[in-house]
Amino acid sequence: MTLDECYPGVIDMLKELKEKGHIVFASTGRGKNTIPKCIDNIVDGIITLTGASCFYQGKETNVHYFSDSFNEEFVKLIMNKKVPAFAENNEYLCSIGGQDEMTDMEKMMVDISDYHIGSIDQWEKSSIYNKVSKYSLTANNIDVFEEINEELKATLTLLDCNGGWYEITKREISKGNAIRDFLNKNSFNTLKTICFGDSENDLSMFDVCDVSVAVGEALDIVKSKADYVLKNPIDIRSFLIDMNVM
């Protein structure tokens with residue numbers, strides 16, 4: 001399930017699903033340190049950073065980072081363009097670069113970041129230097145992506161995360177691949193899977209799971225790829241009842 005926050009009734013729904021013997025995962029583009037405890041304490045596992053990392057029963061089963069060469073080029077590009085970007089792993093959210101005229105969303109992200117990097121020297125000395133799993137940009141700065149050299153850009157994916165945010169991940173990383181790997185490694189291939197999503201980073205799950213559901217203010221492309229569309233997240237429980245899951 002793609003749930004980054006505690007929607008009304010979601011905790012009781014998750015508990016009921018667990019009581020009925022279902023395996024329940026939360027899936028998010030954010031790091032594990034940002035997952036609400038109300039969800040982390042209930043679900044069996046969490047796919048974080050758009051599939052760069054997967055936790056099952058409290059243990060991290062895989063983790064992926066960008067290459068040092070890409071990190072160096074991208075951070076220098078951000079510094080030169082004087083636009084804000086955000087680097088993330090399961091421990092830290094770090095703001096990079098920036099300018100005086102930032103959007104309210106960018107200012108909010110800077111405020112909640114664990115620390116800010118304003119120079120290449122600070123970057124090279126930071127604890128996240130060679131452990132970045134995902135970068136984020138706002139919609140008004142995605143032209144920066146086009147300035148990455150073609151060889152490196154061919155190894156990346158730019159995804160619309162809804163709400164004005166875009167994220168950059170390694171091409172082989174996706175929520176769908178994380179789900180597939182989890183099912184294969186744990187011999188759960190025969191299980192019926194249902195996923196919920198609203199952003200481009202959820203589409204890879206739609207390709208892997210048996211049933212896909214677009215929820216809430218989902219992007220049009222997500223709605224077009226989904227088997228079902230729910231206008232309101234609170235309708236998830238009724239949907240699961242109709243599917244004989246609850």
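This text leads through the interior of the structure, from its nonpolar cores to a cavity and a loop residue.

The model is predicted, so that local features need pLDDT of at least 70 and side-chain atom pairs count only at pLDDT 80 or more, while totals for chains, interfaces and linings use all residues. Residues are numbered from 1 along each chain as its sequence is written, and side-chain values use heavy atoms, with hydrogens and water left out.

The largest nonpolar core (buried Ala, Val, Leu, Ile, Met, Phe, Trp, Tyr and Cys residues joined through side-chain atoms within 4.5 Å; buried means under 20% relative accessible area with a 1.4 Å probe, protein chains only) has 24 residues, and those with the most contacts inside it are Phe70, Phe74, Ile96, Trp123, Tyr135 and Ile168. Two or more residues each come from helix 3, strand 5 (84–88), strand 6 (93–97) and strand 8, where helices (H or I, at least four residues) and strands (E, at least two) are DSSP runs numbered from the N terminus. Helix 3 gives the largest share of this core, six residues. Leaving aside neighbours within four places in sequence, Tyr135 is in contact (heavy atoms within 4.5 Å) with residues including Phe70, Phe74, Ile96, Trp123 and Ile168.

Trp123 also lines the largest cavity, together with Glu72, Lys76, Ile120, Glu124 and Tyr129; a cavity is a set of points on a 1 Å grid over the protein atoms alone where a 1.4 Å probe fits but cannot get out, and lining residues have an atom within 4 Å of a point. Helix 5 gives the most to this lining, with three residues.

Asn141, in the loop between strand 8 (134–138) and helix 6 (150–153), is buried, with a relative accessible area of 6%. Not counting residues up to four places away in sequence, Asn141 touches Val83, Pro84 and Glu106.

Technical notes: On a 1 Å grid over the protein atoms alone, a cavity is a set of points where a 1.4 Å probe fits but cannot get out, and a pocket is an open set with protein on both sides within 12 Å along at least five of seven lines; lining residues have an atom within 4 Å of a point. Buried means under 20% relative accessible area, exposed over 50%, partly exposed in between (1.4 Å probe, protein chains only).
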